[in-house]
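Trainee: I would like to take a close look at a single part of this structure and work through it with you.

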2 protein chains.
Amino acid sequence: MIKIIATMSVKAENSEDFKAIAKELVAKSAAEEGNISYSLNVSQNDPSCFAIVEFWKDQAAIDFHNATEHFTTLLPKLAELCDGEVGIEQFDTIEF
Amino acid sequence: MIKIIATMSVKAENSEDFKAIAKELVAKSAAEEGNISYSLNVSQNDPSCFAIVEFWKDQAAIDFHNATEHFTTLLPKLAELCDGEVGIEQFDTIEF
């Protein structure tokens with residue numbers, strides 16, 4: 001399994017627009033065959049700090065996702081509402 | 001659902017010991033009734049960067065977890081093998 005954690009800071013005035021766009025991205029991404037989990041999350045410590053937490057079967061699933069219409073059109077819209085860069089870290093799950 | 005993302009940097013020479021201890025923590029934590037997902041993950045960009053990604057039903061499940069013997073004994077051992085602080089962020093999942 002591969003996990004992607006995308007963290008972003010969203011100004012308070014953009015928060016509702018951000019969540020409305022993210023709702024569509026979450027629904028369409030979670031429906032993809034290669035996806036295991038896909039969710040939008042808000043920090044309990046800082047309401048401007050959001051994290052999209054994604055579990056994918058493998059890299060092919062991620063490559064497919066990154067080419068989808070919903071990803072290519074919605075992520076830039078989300079990024080526009082962010083304060084600074086979107087931090088994206090990709091992890092390999094250690095299977096014990 | 002509540003998600004916890006714990007990130008930590010582990011020196012290369014400590015990596016195997018770290019994974020051996022984490023293996024026990026992952027197994028026992030994932031077996032808890034209130035846990036949904038619990039995994040150890042390593043960054044694809046930086047092999048010294050690890051993330052424990054945890055999905056919990058609610059705060060009560062987290063409180064129970066934090067009082068378990070495996071958590072209270074194993075987390076300090078993991079922290080000793082880390083380079084600097086363990087970063088812990090707790091998120092509320094946005095249910096659309």
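Which exposed residues does the face of H2(A) turned away from its buried side carry?

Mentor: Bearing in mind that this is a predicted model, the face of H2(A) turned away from its buried side carries the exposed residues Ala60(A) and Phe64(A). The buried side itself is made up of Ala61(A), Ile62(A) and His65(A), and because these buried residues fall within an arc of 100 degrees when one looks down the axis of H2(A), they line one face of the helix. The general background is that an α-helix has 3.6 residues a turn, so residues three or four places apart point the same way. As for what covers the buried residues of H2(A), the list includes E1, H1, E2, E3, H3 and E4 of chain A. At the N-terminal end of H2(A), Asp58(A) acts as a cap, with a side-chain oxygen placed 3.2 Å from the backbone nitrogen of Ala60(A), a residue that also belongs to the exposed face.

The packing can be followed from the other side as well, since helix H2 (59–66) of chain A is among the elements against which the buried residues of H1(A) pack, together with strands E1 (2–9), E2 (35–43) and E3 (49–56) and helix H3 (69–80). Those buried residues of H1(A) include Phe18(A), Ile21(A), Leu25(A) and Val26(A). The strands named here, E1(A), E2(A) and E3(A), together with E4(A), are in turn members of a closed barrel of eight strands with antiparallel pairing, to which chain B contributes E1(B), E2(B), E3(B) and E4(B).

Notes: Residues are numbered from 1 along each chain as its sequence is written. Chains are lettered from A and ligands numbered from 1 in the order in which they are written. This is a predicted model: local features need pLDDT of at least 70, side-chain atom pairs count only at pLDDT 80 or more; totals for chains, interfaces and linings use all residues. Side-chain values use heavy atoms; hydrogens and water are left out. Buried means under 20% relative accessible area, exposed over 50%, partly exposed in between (1.4 Å probe, protein chains only). Helices (H or I, at least four residues) and strands (E, at least two) are DSSP runs, numbered from the N terminus. Contact means heavy atoms within 4.5 Å. Two strands pair if DSSP finds at least two bridges between them. The arc is that of the directions from the helix axis to the C-beta atoms. A polar contact is a pair of N or O atoms within 3.5 Å; within protein, one must be able to donate a hydrogen and the other to accept it, and residues adjacent in sequence count only if both atoms are side-chain atoms.
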